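Work through the exercises below with the structure open. Try each task before reading its solution.

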Amino acid sequence: MPASSESSAVSKKLRVYVPATVPMLRELVKDREIRALNDTAFAVTPALREAYASGDDEELAEVAMAEAARASLRLLAEEQAVADLGGEDAGDEAAPRGPIFRRAVIAADVTGATLRPDLDDAVVRLSAAIPYDRIASIHVDLAEAESEVAKAVEVIDAADMGDADAEFVLGDAEDHQLAWYAAQELPFLLDLL
């Protein structure tokens, strides 16, 4: 694929969906900004529009958010692997033991994103950390999703490889809608988790 078709910069403001976890949301509140892992986020891109024969902007935004939510499962799998290896601070009694099995997605308006259709239709590369004041909303699973999300974390790799049973388990988690929170509500939400 020629380099010119691999990526292109978006000069206007773009709504992006950044996969996250609860610890990442805590860092966002503390640091007042967040840097997406590998600067990767999801958005309604020209490639995503082309991939769907129909669908308005709202429906395509749901597709991009669903991709970010699936990526959040991969982040949770990494947190679980670190916890399984004893990577948490055993001396900190307040530290949670293992991940909180809730997918999280941060919706933000950014400029300077680069389209990455070579990776997937909705993938964009961010050029910088996202300041708190650019965050439009936060989307997090409710408590009743935790058991299905925990099961999905265990099979995400198998699902990616086409395992039908794993896809079924993943579907159970993805059937849960993420709850919407305004950016200013995030500190209060985190106090409840």
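The exercises cover overall build, backbone outliers, salt bridges and surface charge.

**Ground rules.** The model is predicted: local features need pLDDT of at least 70, side-chain atom pairs count only at pLDDT 80 or more, and totals for chains, interfaces and linings use all residues. Residues are numbered from 1 along each chain as its sequence is written, and side-chain values use heavy atoms, with hydrogens and water left out.

**Exercise 1. Overall build**

Task: List the secondary structure, then judge the compactness of the protein.

Solution.
- Step 1. The protein has seven helices and ten strands. Helices (H or I, at least four residues) and strands (E, at least two) are DSSP runs, numbered from the N terminus.
- Step 2. The radius of gyration, taken over C-alpha atoms, is 17 Å. The globule rule, 2.2 Å times the number of residues to the power 0.38, gives 16 Å for 193 residues. The two values are close, so the protein is as compact as a globular protein of that length.
- Step 3. The C-alpha trace spans about 50 × 40 × 30 Å along its principal axes.
- Step 4. Of the 193 residues, 43% count as buried. Buried means under 20% relative accessible area, exposed over 50%, and partly exposed in between (1.4 Å probe, protein chains only). The areas come from the Shrake-Rupley method.

**Exercise 2. Positive phi**

Task: Place R32 and N38 in the fold, and state how accessible each one is.

Solution.
- Step 1. R32 is not a glycine, yet its phi is positive, near 65°. R32 sits in the loop between α2 (22-31) and β3 (33-34). Its relative accessibility is 45%, so R32 counts as partly exposed.
- Step 2. N38 is another non-glycine with positive phi, about 55°. Its loop runs between β3 and β4 (40-43). N38 counts as exposed, at 57%.

**Exercise 3. Salt bridges**

Task: How many salt bridges does the whole structure hold? Describe the pairs of D31, D57 and R102.

Solution.
- Step 1. The search finds ten salt bridges. The criterion is a side-chain nitrogen of Lys or Arg within 4 Å of a carboxyl oxygen of Asp or Glu.
- Step 2. D31 pairs with K30, with the closest N and O atoms 3.1 Å apart. D31 is partly exposed at 41%, while K30 is exposed at 66%.
- Step 3. D57 pairs with R49 at 2.6 Å between the closest N and O atoms. D57 is partly exposed at 47%, and R49 is partly exposed at 40%.
- Step 4. R102 pairs with E146 at 2.9 Å. R102 lies in the loop between α4 and β5 (104-110) and E146 in helix α5 (residues 146-160), so the pair ties together parts that are 44 residues apart in sequence. R102 is buried at 11%; E146 is partly exposed at 26%.
- Step 5. R70, E167 and E174 form one network through salt bridges that share partners.

**Exercise 4. A surface patch and a distant contact**

Task: Which residues gather in the patch of negative charge? Then locate A51 and D121 relative to each other.

Solution.
- Step 1. The patch consists of D56, E58, E59 and E62. Patch members have over 30% relative accessible area and no salt bridge; like charges are joined within 9 Å, nonpolar side chains (Val, Leu, Ile, Met, Phe, Trp, Tyr) within 5 Å. Asp and Glu count as negative, Lys and Arg as positive; His and the chain ends are not counted. The place of a charge is NZ of Lys, CZ of Arg, CG of Asp or CD of Glu.
- Step 2. D56 lies in the loop between α3 (46-51) and α4 (57-84), and is partly exposed at 43%.
- Step 3. A51 belongs to helix α3 and is partly exposed at 44%. A51 and D121 are 70 residues apart in sequence, but 7.4 Å apart in space, C-alpha to C-alpha.

Key. Accessible areas come from the Shrake-Rupley method with a 1.4 Å probe; for residues, only the protein chains shown count as cover.
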